[in-house]
Amino acid sequence: MEELVNRMKVVLATSFSFYLKVQYYHWNVEGIHFSQYHQFFANLYEEIHGSIDQTAEQIRALDAYAPGSLKRYKELSEIMCDENIPSAAMMCKNLLDDNQKLILSLTFARAEAEKLRQFGLINYLEGRIDIHKKHHWMLKSVIKG
């Protein structure tokens with residue numbers, strides 16, 4: 001159970017880091033297609049934000065405490081913060097790469113949940129994987145343009 005809890009904490013921290021990076025890009029995007037990128041990033045961070053509480057509650061349902069400090073998220077996250085302001089296209093490329101890291105974290109957590117036959121958690125994680133696969137498709141499509 002400890003390995004599953006640890007994997008879920010990584011999912012939570014990585015999700016929060018991804019959310020924060022998307023919102024950072026939303027605030028700072030510039031260029032000819034500003035409006036489209038600004039709205040695209042808003043839709044993305046709002047969806048991710050909605051999942052963070054649910055992920056923390058899944059950790060609590062495993063009878064563990066969810067991490068909540070920026071220091072702890074930095075330690076656990078698979079995603080590095082971005083202190084530069086890249087071009088809109090590079091923002092999308094960075095998010096595509098980070099989204100892939102998040103999918104991997106979700107997949108590892110799902111594998112641990114399956115070992116322990118945590119079926120409700122498996123369903124939750126599969127739902128998140130599906131959503132992030134859609135994010136992957138959308139980010140990749142934006143980059144192609």
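In this predicted model, helix α4 passes helix α5 in a left-handed crossing. The two helices pack at an angle of about 160°, and their axes are 9 Å apart. An angle over 145 degrees counts as roughly antiparallel, and α4 and α5 are therefore roughly antiparallel to each other. The residues that form the contact of α4 with α5 are of mixed class: 16 are nonpolar, six are polar and seven are charged.

Helix α4, which spans residues 88–115, also meets helix α2, residues 34–61. Here the axes come within 11 Å and cross at roughly 20°. Since angles under 35 degrees count as roughly parallel, α2 and α4 are described as roughly parallel to each other. The crossing of α2 and α4 is left-handed. On the α2 side, the contact is made by Tyr37, Phe41 and Leu44; on the α4 side, Ala88, Ala89, Met91, Cys92 and Leu95 take part. Sorted by class, this contact of α2 with α4 holds eight nonpolar residues, with no polar and no charged ones.

Two of these contact residues, Phe41 of α2 and Leu95 of α4, turn up again in the nonpolar interior. The largest nonpolar core has 42 residues, and those touching the most other members are Met8, Val22, Phe41, Leu95, Leu121 and Leu125. Helices α1 (2–28), α2, α3 (70–76), α4 and α5 (119–144) each supply at least two residues of this core. The largest share comes from α1, with eleven residues. For a closer look at one member, Leu125 can be followed outwards: leaving out residues up to four places away in sequence, Leu125 touches Met8, Leu106, Ala109, Arg110 and Ala113. Met8 is thus both a partner of Leu125 and itself among the core residues that touch the most other members.

Met8 also offers a way to reach a charged residue of α4. Glu112 is placed in helix α4 and, with a relative accessible area of 13%, is buried, the cut-off for that label being under 20%. In sequence, Glu112 and Met8 are 104 residues apart, yet their C-alpha atoms are 9.4 Å apart in space. Apart from neighbours within four places in sequence, Glu112 is in contact with Glu3, Leu4 and Arg7.

A further pair that is separated in sequence involves Met138 of helix α5. From C-alpha to C-alpha, Met138 and Cys92 are 9.6 Å apart, while 46 residues separate them along the sequence. Cys92 has already appeared as one of the α4 residues in the contact with α2. Met138 is partly exposed, with a relative accessible area of 31%, a value that lies between the 20% and 50% limits.

Finally, the loops include two residues with an uncommon label to look out for, a positive phi outside glycine. Asp63 lies in the loop between α2 and α3, and its phi is near 65°, a positive value in a residue other than glycine. Asp63 counts as exposed, at 72% relative accessibility. In the loop between α4 and α5 lies Arg117. Although Arg117 is not a glycine, it has a positive phi of about 55°. Arg117 is exposed too, with a relative accessible area of 60%.

Terms used:
Residues are numbered from 1 along each chain as its sequence is written. This is a predicted model: local features need pLDDT of at least 70, side-chain atom pairs count only at pLDDT 80 or more; totals for chains, interfaces and linings use all residues. Side-chain values use heavy atoms; hydrogens and water are left out. Axes are lines fitted to C-alpha atoms, for helices over the stretch in contact, and angles run from 0 to 180 degrees between N-to-C directions. Helices (H or I, at least four residues) and strands (E, at least two) are DSSP runs, numbered from the N terminus. Angles under 35 degrees count as roughly parallel, over 145 as roughly antiparallel, 65 to 115 as roughly perpendicular and the rest as oblique. A crossing is left-handed if the near helix is turned anticlockwise from the far one by less than a right angle, and right-handed if clockwise. Contact means heavy atoms within 4.5 Å. Ala, Val, Leu, Ile, Met, Phe, Trp, Tyr, Cys and Pro count as nonpolar, Asp, Glu, Lys and Arg as charged, and the others, Gly among them, as polar. A nonpolar core is a set of buried Ala, Val, Leu, Ile, Met, Phe, Trp, Tyr and Cys residues joined through side-chain atoms within 4.5 Å. Buried means under 20% relative accessible area, exposed over 50%, partly exposed in between (1.4 Å probe, protein chains only).
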